[in-house]
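Biologist: I am new to this structure. Could you show it to me and then take my questions one by one?

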Amino acid sequence: MSLGIDYVIGGSLASSIWGQQRTTNDADLAIQMNQLQLEKLVELLPSNYMIDAGSLRSVIEDPPEFSGGQILNTETLDKVDLFLVRPSEYVNARMSRTHRVEVLPGVHLRFSSPEDTVILKLRWFELGRRISDRQWNDIVQILELRQDRLAMDYLRRWAKHFSVEGDLDLALEQVVQVL
């Protein structure tokens, strides 16, 4: 059953698609959903999954940036972090640029583009007071492995918009030094 929830996978799963693979026990999803979709999702989850429905309910109508909830598999402790996003120029651009990736035979999921993965990782790097080696390494690896295929105008536009263009330039300089 499709709930019609608009989503895009980001975070370490997206950076593993576009950069170097690394292990993670969570998935980050940016989602657009309403209260009815949330209630249907809660109903459909198997009993070994817990969802932070209260957090989601409280922010669903007007989500602050980077807010949401979590779904946890109580047997494996794997988790899905859900980030509620409301339509904006950037969110609309990001959602329209997703890439469908086959993760299992016949199973395609929507992943954040390499450019949007870099933008969001730069933003998380900045929010984390610029100390996360993991975020930084993901950024540099995507830029290094995808450099000849990146939409640099798009990347620079949104880096400037979010005031992370200095970090983007530093990451690009690091990529050049590697070559």
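Modeller: First, a term: helices (H or I, at least four residues) and strands (E, at least two) are DSSP runs, numbered from the N terminus. This is a predicted model, where local features need pLDDT of at least 70, side-chain atom pairs count only at pLDDT 80 or more, and totals for chains, interfaces and linings use all residues. Residues are numbered from 1 along each chain as its sequence is written, and side-chain values use heavy atoms, with hydrogens and water left out.

Biologist: Which residue just after helix 7 takes a positive phi?

Modeller: The residue lies in the loop between helix 7 and helix 8 (165-178). Its phi is about 60°, although it is not a glycine. The residue is S163.

Biologist: Is S163 buried or exposed?

Modeller: Buried means under 20% relative accessible area, exposed over 50%, and partly exposed in between (1.4 Å probe, protein chains only). S163 has 58% relative accessibility, so S163 counts as exposed.

Biologist: Which loop residue between strand 4 and strand 5 should I look at?

Modeller: Strand 4 covers 67-73 and strand 5 covers 79-84. The residue in that loop has a positive phi of about 65° and is not a glycine. At 54% relative accessibility, it counts as exposed. It is L77.

Biologist: Which residues of helix 7 are buried?

Modeller: Helix 7 runs over residues 152-161. Its face turned away from the buried side carries exposed D153, K160 and H161. The buried ones are Y154, L155, W158 and A159.

Biologist: Why are those four on the same side of helix 7?

Modeller: Look at the directions from the helix axis to the C-beta atoms, which define the arc. The buried residues are Y154, L155, W158 and A159. They are on the same side because they cover an arc of only 125°.

Biologist: Which residues does Y90 touch?

Modeller: Y90 sits in helix 4 (residues 89-96). At 6% relative accessibility, Y90 counts as buried. Contact means heavy atoms within 4.5 Å. Not counting residues up to four places away in sequence, Y90 touches D116, I119, L120, Y154, W158 and F162.

Biologist: How far apart in space are Y90 and Q147?

Modeller: In sequence they are 57 residues apart. The distance in space runs C-alpha to C-alpha, and it is 22 Å.

Biologist: In what sense do strand 6 and strand 7 pair?

Modeller: Two strands pair if DSSP finds at least two bridges between them. Strand 6 (residues 99-104) and strand 7 (residues 107-111) have five bridges. In one of these, V101 has L109 as its partner. The sense is antiparallel.

Biologist: Which residue in that hairpin takes a positive phi?

Modeller: The hairpin has two residues between the strands. The phi in question is near 80°. It belongs to G106.

Biologist: How much accessible area does the patch of V103, L104 and V107 have together?

Modeller: Patches are made of residues with over 30% relative accessible area and no salt bridge; like charges are joined within 9 Å, nonpolar side chains (Val, Leu, Ile, Met, Phe, Trp, Tyr) within 5 Å. V107, in strand 7, counts as partly exposed at 34% relative accessibility. Areas come from the Shrake-Rupley method with a 1.4 Å probe, and for residues only the protein chains shown count as cover. For this nonpolar surface patch the area is about 230 Å².

Biologist: How many salt bridges are there?

Modeller: A salt bridge is a side-chain nitrogen of Lys or Arg within 4 Å of a carboxyl oxygen of Asp or Glu. By this rule the count is eight.

Biologist: Which residue forms a salt bridge with E39?

Modeller: The closest N and O atoms are 2.8 Å apart. E39 lies in helix 2 (residues 35-44) and its partner in helix 3 (residues 53-59), so the pair ties together parts 18 residues apart in sequence. E39 is partly exposed at 29%. The partner is R57.

Biologist: Which residues are linked with R97 in a network of salt bridges?

Modeller: R97 meets E115 with closest N and O atoms 3.4 Å apart. R97 lies in the loop between helix 4 and strand 6, and E115 in helix 5 (residues 114-127), so the pair ties together parts 18 residues apart in sequence. R97 also meets D116 at 3.4 Å, N to O. The network links R97 with E115 and D116.

Biologist: Is D116 buried or exposed?

Modeller: Its salt-bridge neighbour in the network, R97, is partly exposed, at 23%. E115 has a relative accessible area of 4% and is buried. D116 has 0% relative accessibility, so D116 counts as buried.
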